[in-house]
Amino acid sequence: MTTKHIPVLIDSIMNILIQEISPLKGKTVFDGTFGAGGYSKRFLEKGMSVTACDRDPEVIKNNSIKDSKLKLFEGSYADIIKQTKKKMIL
Ligand SMILES: C[S@@+](CC[C@H](N)C(=O)[O-])C[C@H]1O[C@@H](n2cnc3c(N)ncnc32)[C@H](O)[C@@H]1O
C-alpha cells in the first residue's frame, strides 16, 4: 500500500474482543489483510499473538513491526487459513 491507511474500526473491534474474550493477553488473533499493520499493532500492544497475511509482496517487504509474537505470511487469507492449524480468533 502506498497511501496511509487509518484503521477506523480498530476501537470498535477492540471493544468487541474485550467483551467477548477477555483477557486478551496470550490469545492468538488472525489479521487477514495486514496492510500497514495498524490492527496487528494494536493486538500486539494488548499482549496478543498475531498470525497475519497479506497478498501484496510489497506489504511483507515493507513491514516495520518487529515482534516475536507476529507471524506474517505472504498470501491470500483464504489459503493461509487452510494452511494454519493453530486455533485462532478469526
Ligand atoms: C485497507 S488495507 C488493510 C489495512 C490494515 N488493516 C491496516 O491496519 O493497515 C488492504 C490490504 O488488504 C490486502 N488484501 C486484500 N485482499 C486480500 C486477500 N484476499 N488476502 C490477503 N490480503 C488481502 C491488500 O493487499 C492490502 O494490503
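**Exercise 1.** What is the order of the strands in the open sheet, and which pairing do they have?

*Solution.* This is a predicted model, in which local features need pLDDT of at least 70, side-chain atom pairs count only at pLDDT 80 or more, and totals for chains, interfaces and linings use all residues. Residues are numbered from 1 along each chain as its sequence is written. Begin with the elements: helices (H or I, at least four residues) and strands (E, at least two) are DSSP runs, numbered from the N terminus, and two strands pair if DSSP finds at least two bridges between them. On that basis the three strands of the open sheet follow the order S1-S2-S3, with parallel pairing. The edges are strand S1 (28–31) and strand S3 (70–74), each of which pairs on one side only.

**Exercise 2.** Work out how S1 is joined to S2 and which faces S1 presents.

*Solution.* Four bridges join S1 to S2, and the two run parallel. Within this ladder, threonine 28 has serine 49 of S2 as its bridge partner, while phenylalanine 30 has threonine 51 of S2. Next come the faces: in a regular strand the side chains alternate between the two faces of the sheet. In S1, Val29 and Asp31 make up the covered face, whereas Thr28 and Phe30 make up the uncovered one.

**Exercise 3.** Determine the handedness of the unit made by S1, H2 and S2.

*Solution.* A crossover is right-handed if, with the strands pointing away from the viewer, the path from the first strand over the helix to the second runs clockwise. By this criterion S1, H2 and S2 make a right-handed β-α-β unit.

**Exercise 4.** Describe the shell around the ligand, and then place glycine 35.

*Solution.* A residue counts as near the ligand if its C-beta atom, placed from the backbone, lies within 6 Å of it. Of the 17 residues around the ligand, Thr33, Gly35, Ala36, Gly38 and Asp56 come nearest, and helix H2 (38–45) and strand S2 (49–54) each supply at least two residues of the shell. Glycine 35 itself lies in the loop between S1 and H2. Glycine 35 is partly exposed because 16 other C-beta atoms lie within 10 Å, where 20 or more would mean buried and 12 or fewer exposed, with C-beta atoms placed from the backbone. Finally, the C-alpha atoms of glycine 35 and alanine 52, which are 17 residues apart along the chain, are separated by 9.7 Å.
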